Amino acid sequence: MNATLLFVQALNGLQFGLILFLIAAGLTLVFGVMDFINLAHGVQYMVGAYLVAAFSTWTRSFGWALLLALPSALVFGLLLEVLVFRHLYDRDHLDQVLATFGVILFLNQGVKFVWGAAPLSVPVPELLSGSVEIANGLLYPVYRLAIIAAGLVVAALLYVLVNHTRVGMLVRAGASNASMVSALGVNIQRLFMIVFGFGAMLAGFAGAMVAPILSVEPGMGDNILILAFVVIVIGGIGSIRGAFLAALLIGLVDTVGRTFAPNLLRLVLDPAAASQTGRAIAPMLIYIFMAAVLFFRPSGLFPVKR
């Protein structure tokens, strides 16, 4: 096992985990505060990527594209909340699942209609192009380091917002007992709108940041949504701290596991069998990890006290 390769994969896992956190943070707030299952949250990640692709073409600047994409993702999330999701809060979870799945199908077809089915590419901003030497002879892309830095900054700002502001106090109270918060005179519908819009903007920001390193295509948010749900289940529904730690753990388990699982299996299997078994087991490691966590902590690592 090469220590340099392990370090690089750990950085990749950190980057992947922070992207997951940006998506899961909004999802866990929506689920925890509103008790609303939003399968369409991954679509907002996709829309963020498409918005930054469109604005990049228009402005020829990734920075301006990102500045335009964030408020656009916020407005798009608020529009969905007003037109669709607001009417589902009092319905049971099955209705919410069916309706939000319909939103996924509609918006996946919508982006095909507007941008076509072919994948789009977003150039890496010139300021963040190239690589930096992080160890002797070890180069790492500057843009991936920028994603890590942006994710950590957003996580710190979100921590301050949730734990040290009045809005954050209301969000935490709503996650613990929404009916009591409403009885105390808080406009719970406005709180729900703020939480939903902010969650949509975070998901859009995640999509915008990965657009230069992944292809932007219809349905790109579907698989990431499953991992976001895994994050909030492991971290504890409604817990930002839990979502952050769970996202980092999942990112590391997935990235490092895919790289080193075949090598570790060679200790007990022949090389051909170890390679085949490792490739089969690697995609399952996240779910094995989730099962192990839930066996010992059924409510997640940091459940919200109710």
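When two helices pack, an angle under 35 degrees counts as roughly parallel, over 145 as roughly antiparallel, 65 to 115 as roughly perpendicular, and the rest as oblique. Keep that handy, because two packed helices are described by the angle between their axes and the distance between the axes. One more thing before we start: the model you're looking at is predicted.

Let's get our bearings from the UniProt record. The unreviewed entry places the feature "transmembrane region" at residues 6-32, 39-58, 64-85, 97-118, 138-162, 192-214, 226-253 and 273-296. Take two of those stretches and look at the model itself. Residues 192-214 are 83% helix and 0% strand, with the end C-alpha atoms 32 Å apart. Over residues 273-296 the chain is 88% helix, again with 0% strand, and here the end C-alpha atoms are 32 Å apart.

Now find helix α2, residues 41-59, and helix α3, residues 62-83. Their axes lie 8 Å apart and the angle between them is about 140 degrees. That angle falls in none of the named ranges, so α2 and α3 are oblique to each other. Their crossing is right-handed. On the α2 side, the residues in contact include Q44, V47, L51 and F55, while α3 brings, among others, W64, L68, S72 and F76. Sorted by class, this contact of α2 with α3 holds 14 nonpolar residues, 5 polar ones and no charged ones.

Helix α2 has another partner to look at: helix α4, residues 93-115. Here the axes are 10 Å apart, and the angle is about 15 degrees. That is under 35 degrees, so α2 and α4 are roughly parallel to each other. In this pair the crossing is left-handed. V43, M46, Y50 and A54 of α2 touch I104, L107, N108, V111 and W115 of α4. The contact of α2 with α4 comes out as 8 nonpolar residues, 1 polar and no charged.

Time for a break from helices. Strand β1 (residues 131-135) and strand β2 (residues 138-141) run antiparallel and are joined by 4 bridges. One pairing to spot is E133, whose bridge partner in β2 is L139. The two strands form a hairpin with 2 residues between them, and in this hairpin G137 takes a positive phi near 80 degrees.

Further along the chain, helix α8 (residues 220-235) meets helix α9 (residues 240-265). How do their axes cross? They come within 8 Å and cross at roughly 120 degrees. That makes α8 oblique to α9, and the crossing of α8 and α9 is right-handed. From α8 the contact uses V230, V231, I234 and G235, and from α9 it uses G242, A243, A246, A247 and I250. By class, the contact of α8 with α9 splits into 7 nonpolar and 2 polar residues, with no charged ones.

Technical notes:
Residues are numbered from 1 along each chain as its sequence is written. This is a predicted model: local features need pLDDT of at least 70, side-chain atom pairs count only at pLDDT 80 or more; totals for chains, interfaces and linings use all residues. Side-chain values use heavy atoms; hydrogens and water are left out. UniProt positions are given in the numbering used here, feature names are shortened, and annotations may be inferred rather than shown by experiment. Axes are lines fitted to C-alpha atoms, for helices over the stretch in contact, and angles run from 0 to 180 degrees between N-to-C directions. A crossing is left-handed if the near helix is turned anticlockwise from the far one by less than a right angle, and right-handed if clockwise. Contact means heavy atoms within 4.5 Å. Ala, Val, Leu, Ile, Met, Phe, Trp, Tyr, Cys and Pro count as nonpolar, Asp, Glu, Lys and Arg as charged, and the others, Gly among them, as polar. Two strands pair if DSSP finds at least two bridges between them.
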